[in-house]
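Work through the exercises below with the sequence and coordinates open beside you, and try each task before reading its solution.

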Protein chains: 2
Amino acid sequence: MVRVYRYEQNPLITPSDIKPYHEGFEVIGAFNAGIAKYKDEILMLLRIAERPISDDPKIVKAPIYHTDTDELEIIEFHRDDERYDFSDPRMIRKASHSQEIEYLTSLSYIRIARSKDGRNFTIDEKPFLYPSNKLESFGIEDPRVTQIGDTFYICFTALSPLGIGGAMVSTKDFVTVKHHGMIFPPENKDIVIFPEKVNGKYYALHRPSLKSIGKPEIWIAESDNLLYWGNHQHLISLRDGMWDSGRIGGGAVPIKTDRGWLVLYHGATPENRYCMGGLLLDLNNPAVVVARSDQPILEPEADYEKEGFFGDVVFSCGAIVEGDVVKMYYGVADTSMACAELSLEEILDFLTYY
Amino acid sequence: MVRVYRYEQNPLITPSDIKPYHEGFEVIGAFNAGIAKYKDEILMLLRIAERPISDDPKIVKAPIYHTDTDELEIIEFHRDDERYDFSDPRMIRKASHSQEIEYLTSLSYIRIARSKDGRNFTIDEKPFLYPSNKLESFGIEDPRVTQIGDTFYICFTALSPLGIGGAMVSTKDFVTVKHHGMIFPPENKDIVIFPEKVNGKYYALHRPSLKSIGKPEIWIAESDNLLYWGNHQHLISLRDGMWDSGRIGGGAVPIKTDRGWLVLYHGATPENRYCMGGLLLDLNNPAVVVARSDQPILEPEADYEKEGFFGDVVFSCGAIVEGDVVKMYYGVADTSMACAELSLEEILDFLTYY
């Protein structure tokens with residue numbers, strides 16, 4: 001089994017620690033942070049979700065940021081409007097098309113929190129990344145940070161009425177940012193780039209969401225410049241009756257070990273209970289699966305993991321590895337951030353090898 | 001208006017012209033061909049759809065080709081099995097999830113037909129492209145052929161239980177083929193590559209099919225080597241109440257004109273009436289739309305266009321341009337191939353400029 005040491009300071013960051021950036025909004029989430037080591041600090045690239053304050057419980061509000069006019073529009077819905085389905089607090093759906101999302105109830109952007117000890121963080125006043133083009137008007141979510149040389153490549157989910165895809169920016173100093181556009185076309189999420197070339201190619205995990213045929217499973221792609229991607233291959237499937245039977249996606253940046261590339265990935269049941277598990281890929285060809293965890297290595301057990309805006313969720317977008325210690329940072333209950341330490345060897349021993 | 005000269009020989013190729021490749025199968029479609037000029041001939045890269053013969057009208061059969069074992073499996077369904085929806089003759093759906101396709105009722109592959117005059121074709125005995133990996137086990141469909149230098153790049157839809165995506169092969173002689181894998185991840189179709197670099201980049205049109213947010217609309221991507229693609233941008237939307245209100249996708253390879261890149265694209269209504277229209281993109285930046293046809297340039301009017309396996313469909317995957325003459329080859333009723341000649345100038349004059 002894999003022992004889990006949750007920090008005494010958990011949750012490390014909660015919405016109440018964050019001052020809203022938008023007037024008339026409340027912060028409902030500070031979670032699913034990408035993680036980077038920069039100079040002598042650990043940076044959390046927090047996904048901050050802000051919601052327009054509604055004084056009337058019968059009114060549901062949906063924010064859209066129009067990048068062309070720099071206008072933040074707020075659309076109001078009556079909760080008893082039968083044309084819409086308000087049952088998921090994260091979104092507004094059309095009543096007749098249960099899969100189709102009409103609007104989101106919050107707008108997410110990225111803000112940085114900084115720490116010297118990895119437990120106590122200071123939060124930047126201003127957003128680090130904010131929606132910047134029409135493919136991001138519903139917000140940007142769930143960043144993953146891959147350092148290659150002195151450059152940090154940040155992949156995140158870009159949402160708009162046009163679709164949900166994987167965008168990328170890069171930075172050397174977390175101040176100046178280069179925009180590289182949408183690198184994985186919709187519908188896609190959970191883009192995670194490997195930290196070095198393997199056999200002359202860059203690799204990335206991605207998670208298409210499919211309409212007609214197929215399931216929300218993990219795929220792998222290759223590139224020679226990180227901007228353009230191809231040779232998409234299906235990597236792993238959902239497993240009926242198991243912890244990862246409903247949907248899966250890459251989590252932390254793959255960790256190079258002598259047994260292969262270790263991917264910490266999330267899996268959820270159809271009932272949306274999100275856990276973290278392990279996946280091991282061949283060191284010389286990451287399109288080949290070596291091992292996978294039949295049981296989760298982390299599941300929602302603490303109160304702050306079980307209860308929140310969207311409960312029963314642990315969801316990691318980044319980890320720091322120091323020797324045998326994996327410091328896995330993870331979002332809890334779509335609300336806050338936490339961290340747990342696990343042993344790399346214990347994770348590797350816990351996997352089922354094929 | 002755009003005058004349309006349909007060939008007297010239409011339909012040029014029908015299923016009855018094709019000998020089935022699989023024993024116990026019947027050819028139900030020879031359509032949606034990619035077009036190439038090679039040496040002194042016009043080649044049609046026909047999509048051939050073959051269906052397992054069923055003697056019992058109550059039995060519906062679904063073919064799957066297992067590339068790893070080279071086995072062609074046929075699954076049988078009872079038409080009165082209430083778990084499934086057989087209302088679309090092309091596929092078997094789950095009754096409870098109307099959007100999800102469970103199986104296809106035919107297997108498609110690519111076969112070449114050759115002609116010196118563009119009207120009378122001789123059909124190759126053997127397939128030119130056949131499913132070759134597990135992403136193609138439900139078949140390969142709707143090729144588009146782009147010639148760059150002496151190489152022909154052939155993009156097509158790859159279908160399997162894992163998803164529907166855009167694959168590519170290349171050839172210099174239509175004998176030896178290089179496989180480049182899936183270049184656009186699922187769910188995607190209608191990949192059409194531009195015939196030359198524009199401002200130092202290759203471009204391609206593609207058509208994601210979206211599950212949660214967004215519609216089946218045309219996007220554009222860029223590349224520096226044709227294998228890896230990025231900077232995905234949304235190009236054009238559906239138009240309510242018009243001929244292209246239900247779904248759209250790129251058709252023939254873009255035609256370079258002095259007014260811009262002319263794209264012949266298909267549009268369908270929600271009731272699945274497929275027409276062809278025109279789209280004009282900026283000569284130096286094809287992500288910018290210059291003009292678009294408010295009316296179709298070709299719509300299903302002839303008997304062979306209105307009636308067939310799936311009627312009321314004209315669907316072009318390739319054209320030959322000679323001076324002002326556009327010889328637009330197109331699939332009809334998901335059954336046969338036809339060709340019509342149109343004037344390039346008339347098409348350009350017919351568009352509405354923005």
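The exercises that follow treat the interface, the symmetry, a sheet, a salt bridge and some backbone features.

This is a predicted model, in which local features need pLDDT of at least 70 and side-chain atom pairs count only at pLDDT 80 or more, while totals for chains, interfaces and linings use all residues. Residues are numbered from 1 along each chain as its sequence is written, chains are lettered from A and ligands numbered from 1 in the order in which they are written, and side-chain values use heavy atoms, with hydrogens and water left out.

**Exercise 1.** Determine how many residues each chain gives to the contact, and what area is buried between chain B and chain A.

Solution. Begin with the residues in contact (heavy atoms within 4.5 Å): chain B gives 40 residues and chain A gives 40 residues. Next take the buried area, which is the accessible area (1.4 Å probe) that two parts lose on being put together, summed over both; here the value is about 3,700 Å², with 56% coming from carbon and sulfur atoms. Of the area that chain B buries against chain A, B:Lys211, B:Ile213 and B:Tyr228 supply 23%, more than any other three residues.

**Exercise 2.** Describe the polar side of this interface and the elements of chain B that take part.

Solution. Count first the salt bridges, each a side-chain nitrogen of Lys or Arg within 4 Å of a carboxyl oxygen of Asp or Glu: between chain B and chain A there are zero. Then count polar contacts (a pair of N or O atoms within 3.5 Å; within protein, one must be able to donate a hydrogen and the other to accept it, and residues adjacent in sequence count only if both atoms are side-chain atoms), which link 15 residue pairs between the chains, both residues at pLDDT 80 or more. Finally, with strands taken as DSSP runs (E, at least two residues) numbered from the N terminus, the elements of chain B that give two or more residues to the side touching chain A are strand 13 (163-171), strand 14 (178-184), strand 16 (202-208), strand 17 (218-223) and strand 18 (230-236).

**Exercise 3.** Identify the operation that lays chain B on chain A.

Solution. Superpose the copies by least squares on the C-alpha atoms of residues with pLDDT of at least 70 in both; a turn of 180 degrees and a shift of 0.0 Å along the axis lay chain B on chain A with an RMSD of 0.0 Å. That is the relation of a two-fold axis. The same surface serves both copies, since 100% of the contact residues of chain B recur in chain A.

**Exercise 4.** Which strands stand at the edges of the open sheet 6-7-8 of chain A?

Solution. Strands pair if DSSP finds at least two bridges between them, and the three strands in the order 6-7-8 pair antiparallel. Strand 6 (84-85) and strand 8 (101-104) of chain A each have a single partner strand, so one side of each is left without a neighbour in the sheet. Within the sheet, A:Tyr84 stands opposite A:Lys94 in strand 7 of chain A.

**Exercise 5.** Locate what A:Lys37 pairs with, and then place one cis peptide bond.

Solution. A:Lys37 forms a salt bridge with A:Glu322, their closest N and O atoms being 3.4 Å apart. A:Lys37 lies in strand 2 (residues 25-38) and A:Glu322 in strand 24 (residues 314-322) of chain A, so the pair ties together parts that are 285 residues apart in sequence. The peptide bond from A:Asn10 to A:Pro11 is cis, with omega near -10 degrees.

Definitions and conventions
Helix = DSSP H or I, 4+ residues; strand = E, 2+ residues; numbered from the N terminus.
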